[in-house]
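Visitor: I am new to this structure and should like to learn how to read its features. May we take them one at a time?

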Amino acid sequence: SLQTNYGESESIFIRMQKTAMEMLSSANITAYIQITDELPPLHIDAQKNCWLIFKEAINNVCKYSQAATCQVSVSSNEQQLVMRVSDDGVGIRDPKSGNGLKNMRSRAAAMEGECLIESNGKGTTVTATLPLEKISVHNRVD
């Protein structure tokens, strides 16, 4: 599922949109998806980590949230890429626990970014904020 067309990261974002629609509709969750058209191409390692963070977040909504709706957004500015998955479900008792949640944080940290998981009992929001200078093909500094 990580294979892209000639390394072009745009296809990873298209795949995110299709996957979110398929998984959420299969779980009878109404999806609201906003993925900006002008996203930077990502280095292959960043594509992998972004995909796995995204997939875990969507899977958690489908499997645990009991949500009616889920909002997914991916956008960028000059400095960072922001991926957000937010649902109106039952929330998470302890947003610090669970291997999947830990893995999302570790993957974001590997890209020198962060993954915040917030839950107030009325839903959960996962926000991964990643520095473009570390993940973009054009800006990458090793």
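**Reading the sheet, the helices and the spaces**

Guide: In this predicted model, five strands make up an open sheet, ordered β1-β2-β3-β5-β4, with mixed pairing. The strands at its edges, β1 (30-35) and β4 (114-119), each pair on one side only. On average, neighbouring strands of this sheet are turned by 10° against each other, direction ignored.

Visitor: How should one read the pairing of two strands, and how many bridges join β3 to β5?

Guide: In general, strands of a sheet pair through backbone hydrogen bonds, and the pairing is either parallel or antiparallel. Here β3 (residues 80-87) and β5 (residues 124-131) run antiparallel and are joined by eight bridges. Within this pairing, Met-83 stands opposite Ala-128 in β5.

Visitor: Which strands does helix α2 lie across?

Guide: Helix α2 (residues 44-65) lies across β2 (69-76), β3 and β5, and runs at about 10° to β3. Helix α3 (residues 99-110) also packs on the sheet, where it touches β4 and β5. The direction of α3 makes about 150° with that of β4.

Visitor: How many aromatic pairs does the structure hold?

Guide: It holds one aromatic pair. The partners are Trp-51 and Phe-54, whose rings are 5.9 Å apart centre to centre, with 35° between the planes. The pair counts as tilted because its angle is neither under 30 degrees, as for stacked rings, nor over 60, as for edge-to-face ones. Both residues belong to helix α2, three residues apart, or about one turn of the helix.

Visitor: How does one look for empty space, and what does a search for cavities of 30 Å³ or more find?

Guide: The general idea is that rolling a probe the size of a water molecule over the atoms shows where empty space is left. In this structure, the search finds one cavity of 30 Å³ or more. The largest cavity holds about 40 Å³ of space. Phe-54, of the aromatic pair, is among its lining residues, as are Met-83 and Ala-128. The elements α2, β3 and β5 each give two or more residues to this lining. By class, the lining of the cavity has seven nonpolar residues, one charged and no polar.

Visitor: What is the volume of the largest pocket, and which element supplies the largest share of its lining?

Guide: The volume of the largest pocket is about 430 Å³. Its lining consists of 23 residues, with Asn-60, Tyr-64, Gly-91, Ile-92 and Leu-101 nearest the centre. Helix α2 supplies the largest share, eight residues. By class, the pocket lining has ten polar, eight nonpolar and five charged residues.

Notes
Residues are numbered from 1 along each chain as its sequence is written. This is a predicted model: local features need pLDDT of at least 70, side-chain atom pairs count only at pLDDT 80 or more; totals for chains, interfaces and linings use all residues. Side-chain values use heavy atoms; hydrogens and water are left out. Two strands pair if DSSP finds at least two bridges between them. Helices (H or I, at least four residues) and strands (E, at least two) are DSSP runs, numbered from the N terminus. Axes are lines fitted to C-alpha atoms, for helices over the stretch in contact, and angles run from 0 to 180 degrees between N-to-C directions. Contact means heavy atoms within 4.5 Å. On a 1 Å grid over the protein atoms alone, a cavity is a set of points where a 1.4 Å probe fits but cannot get out, and a pocket is an open set with protein on both sides within 12 Å along at least five of seven lines; lining residues have an atom within 4 Å of a point. Grid points are joined across faces, edges and corners, and a volume is the space filled by probe spheres set on the points. Ala, Val, Leu, Ile, Met, Phe, Trp, Tyr, Cys and Pro count as nonpolar, Asp, Glu, Lys and Arg as charged, and the others, Gly among them, as polar. Rings of Phe, Tyr and Trp (its six-membered ring) pair if their centres lie within 6.5 Å; planes under 30 degrees apart count as stacked, over 60 as edge-to-face and the rest as tilted.
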